[in-house]
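Visitor: Please take one part of this model and go through it closely, with the terms defined as you use them. After that, I would like to hear about the other chain.

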Amino acid sequence: MKLTLRVWRQKNADAEGAMSTYQVDGISSDMSFLEMLDTLNEELILRGEDPVAFDHDCREGICGACSLVINGDAHGPERTTTCQLHMRSFRDGDTIDVEPWRASAFPVVKDLVVDRSAFERVIQAGGYVTAPTGAAPEAHATPVPKPDADFAFEHAECIGCGACVAACPNGAAMLFTSAKINHLNVLPQGAPERETRVLDMVAAMDDEGFGGCTLAGECATACPKGIPLMSITSMNKEWLRATRKVKRSPHPPR
Amino acid sequence: MSAAYLNYPTGAPVADTKAPAGPVAERWDTRRFEAKLVNPANRRKHTVIVVGTGLAGGSAGATLAEQGYHVVQFCYQDSPRRAHSIAAQGGINAAKNYRNDGDSVHRLFYDTVKGGDFRARESNVHRLAQISVEIIDQCVAQGVPFAREYGGLLDTRSFGGVQVSRTFYARGQTGQQLLLGAYQALSRQIAAGNVEMHPRTEMLDLIVVDGRARGIVARDLITGRIDTYYADAVVLASGGYGNVFYLSTNAMNSNATAVWRAHRRGAWFANPCFTQIHPTCVPRTGDHQSKLTLMSESLRNDGRIWVPKAKGDDRPAHRIPEDERDYYLERIYPSFGNLVPRDIASRAAKNVCDEGRGVGPGGQGVYLDFADAVRRMGRDAVEARYGNLFDMYQRITDEDPYEVPMRIYPAVHYTMGGLWVDYDLQTTVPGLFAIGEANFSDHGANRLGASALMQGLADGYFVLPATINDYLARNPRHETVTDEHPNVQEVLAETQDRLHLLLAVDGDRTPDSFHRELGELMWEFCGMARTDSGLRKALERIPQIREEFWRRIKVPGSGEEFNQSLEKANRIVDYLELAELMCLDALHREESCGGHFREESQTPDGEAARRDDAFAYAAAWEFTDTGAAPVLHKEDLVFEYVHPTQRSYA
């Protein structure tokens, strides 16, 4: 396959960025999208040019590092991560636009690499169970109904890639935040911190400059792990419930 | 090859592993009681550096911080949650005996020593088996969503090399869920100010002062800034070195720099040739391949492995009638069948492919067939167990495994070798500890499935936090080290010179081209089957590649910016030295054991022939100089409880 790539190039966080055009040839349909970019980078290095910087690591769809907007879609046309997108999804002669995540809470570091540390601070605000090592009761002491365990798992699958934020017209992190809240709040182990978790994480999310939810639903469509849109509804319900149980100044999710 | 490299001296044997005496089941209790403690009020005065945030590093960082130590932690990823433990699929072993199927701590201990082909230290393995049960409790308390039965209790499944069902799992994403548990515990400590987290920061060297590990040199991957960090102890949890082979199931950026630099500073490297080739990976599709993807071993519970009986049979799988198929694992190993340990399954796949019976492009594959499982359990049940793995397979190959059997082929997956550590997980550099895959301790010559997660978390949650206390209590805080110290100046200058040189060569070959060349060489000569002549060839070639590397490497850009080519090139510098040691270790070990198969040492029916008379030891190598012969130190392995036998899975 022969392709034309239009790639966002930006030297560093402070520099102006622009789209640059490159041609790549000899692309196999069995290549992953990132292997196609590897091919481009090998050529750029030999020409003495700066290769395109992009985040990637496991290349099996689970670490959540890769993060490209391809032809306007977070992770491209298939419902998967960029590393699991294969070139058979494109046609010979195609022109492909490649951009970084676009969101005010995710500033560009270089080229296609963005700073997602805002997600870290949302988790640090309460995305855990306070269970210091060593004090754990016997695992079978607390049975968890299978539907609850399955619900928890389906939300715990979030890989923290940020596609939900990149896809959202408002740059909201509601799907990411709700996934962690729903994972932990449905479990008996998460129950003691159920209210503070949702209140604190939602507040942290707002502080990081993520936008508000207008139920556009783009996040759930872009999510490579299939976290459902209903996750946000569940979080809002949790939040409302918590505001009634915990006396705090109100800080509503937007 | 310089003949001098092969002419390695044998130094003093390992005098003391620090494992307490007494019955094996009581040793860990004894050690914990004998270990000195640090007064809780004094702990915050101690700084501990932890490099890596996978299962071992993440759990260690969180636990040490909970205990009150000041933890400074590093990862090269943009978030600690992305460490490669996240990709572990199948499960985690624990001797809970919830199934009432005859499991016990002793059986897990026995299985692990036997599975490791009698090349692991009994004391460590027994401790691992004991701690396994606590790990499950701890993870459940953290909210790890393990698979459960309808009654609400935890579900388990079987894994290779064992006959009980002791593997706990979370669909095909057990590593992800366990890592997120550790990551969340770590996040709690970061928020509390007890852990100072440095993401996108890579350790480039170790600082040793007065014979003790006192800090690291690390590079901020965004700004390129090189900084020094000081501590009272340094913990390496930087993972394995499978990426020496270029193609492996490791993450693209997993690397050996932290352990190799520590080795150069005095930490012995043990059993570097013990690498695990995993039998069930997606076969490669072409030269563009950048990494290989594992299909969890759990698939062997319900999938049946076969190839055509006839050579060169290129009919599609469904056209090959039942009586023309060779279910070779079930045929050769009737009692374990498709669940033989990984080293055996990998070699068997290689053998049938070498016979010309392989399937798929280039004949480099065997079938893993779920037709019987779908008939027996129904498609829904298969989907519930393996759905995400099937999806992943289909995405990579464009084939539907519910309709067409999967094609699999072995690939480099895990490294049992690593930094030599004593019972306390301390290396030969006082104050330097190594945990998880970075050390060599528990898996001998072959790791059983679902045991890596167990070991990573055992080391990080339970072992290291107990043993490091003893070191810190016995070594009250030394005087502060500063950048002016001559040792620090030397390490800093070496690091900066290395990076400058990489940028200055301005040759005509990319970092990847060297990495790929080295990887192909290692796969051919230090892969699934090794020979004296092949290893000698590799040992001749590696110094040549190294020389060419420093003449022709091209790294664009500068060191004072985000520069992924520079990161890669700097890691390859270390692979080019480590690869040499791996080949030397493989050459010196003239026996077959576990993942190390020497063609000269096999039984008449082609099974690995272990030589306990000559090689019942761990080989710990001491660094001397680049390209110069290392010194071999032997740790004799004593088996008091599990008596070495020829492994039989027939």
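Guide: What follows goes from one helix and its two partners to the other chain.

This is a predicted model, in which local features need pLDDT of at least 70 and side-chain atom pairs count only at pLDDT 80 or more, while totals for chains, interfaces and linings use all residues. Residues are numbered from 1 along each chain as its sequence is written, and chains are lettered from A and ligands numbered from 1 in the order in which they are written.

The part chosen is helix α8 of chain A, residues 230–245 (helices are DSSP runs of H or I with at least four residues, strands are runs of E with at least two, and both are numbered from the N terminus). Helix α5 of chain A, residues 174–185, packs with α8(A) at an angle of about 65°, their axes being 8 Å apart (axes are lines fitted to C-alpha atoms, for helices over the stretch in contact, and angles run from 0 to 180 degrees between N-to-C directions). α5(A) is therefore roughly perpendicular to α8(A), a term for angles of 65 to 115 degrees. The crossing of these two helices is left-handed, that is, the near helix is turned anticlockwise from the far one by less than a right angle. On the α5(A) side, the residues in contact are A:Met174, A:Leu175, A:Thr177, A:Ser178, A:Ala179, A:Ile181, A:Asn182 and A:Asn185, and they meet A:Ser231, A:Ile232, A:Ser234, A:Met235 and A:Glu238 of α8(A) (contact requires C-beta atoms, placed from the backbone, within 7 Å). The residues of this contact divide into six nonpolar, six polar and one charged (Ala, Val, Leu, Ile, Met, Phe, Trp, Tyr, Cys and Pro count as nonpolar, Asp, Glu, Lys and Arg as charged, and the others, Gly among them, as polar).

Helix α6 of chain A, residues 194–207, also packs with α8(A), here at an angle of about 110° and with the axes 9 Å apart, so α6(A) is roughly perpendicular to α8(A) as well. This crossing, too, is left-handed. A:Glu195, A:Val198, A:Leu199 and A:Val202 of α6(A) meet A:Met235, A:Glu238, A:Trp239, A:Ala242 and A:Lys245 of α8(A), and the residues of the contact divide into six nonpolar, no polar and three charged. A:Met235 and A:Glu238 of α8(A) thus appear in the contact with α5(A) and in the contact with α6(A).

Turning to chain B, 61 of its residues are in contact with 64 residues of chain A. The elements of chain B that give two or more residues to this side are α4 (55–67), α6 (122–141), α7 (174–191), α12 (379–397) and α17 (564–588), and the largest share, nine residues, comes from α7(B). By type, the side of chain B that touches chain A holds 22 nonpolar, 24 polar and 15 charged residues.

Within chain B, an unreviewed UniProt entry lists B:Arg342 for "active site", with positions given in the numbering used here, feature names shortened, and annotations that may be inferred rather than shown by experiment. B:Arg342 is found in helix α10, residues 342–354, of chain B, and it counts as buried because it has 27 C-beta neighbours inside 10 Å (20 or more count as buried, 12 or fewer as exposed, and those in between as partly exposed). Leaving out residues up to four places away in sequence, B:Arg342 touches B:Gly160, B:Gln276, B:His278, B:Pro279, B:Glu297, B:Asn446 and B:Gly449.

Methods: Angles under 35 degrees count as roughly parallel, over 145 as roughly antiparallel, 65 to 115 as roughly perpendicular and the rest as oblique. Two residues are in contact if their C-beta atoms, placed from the backbone, lie within 7 Å.
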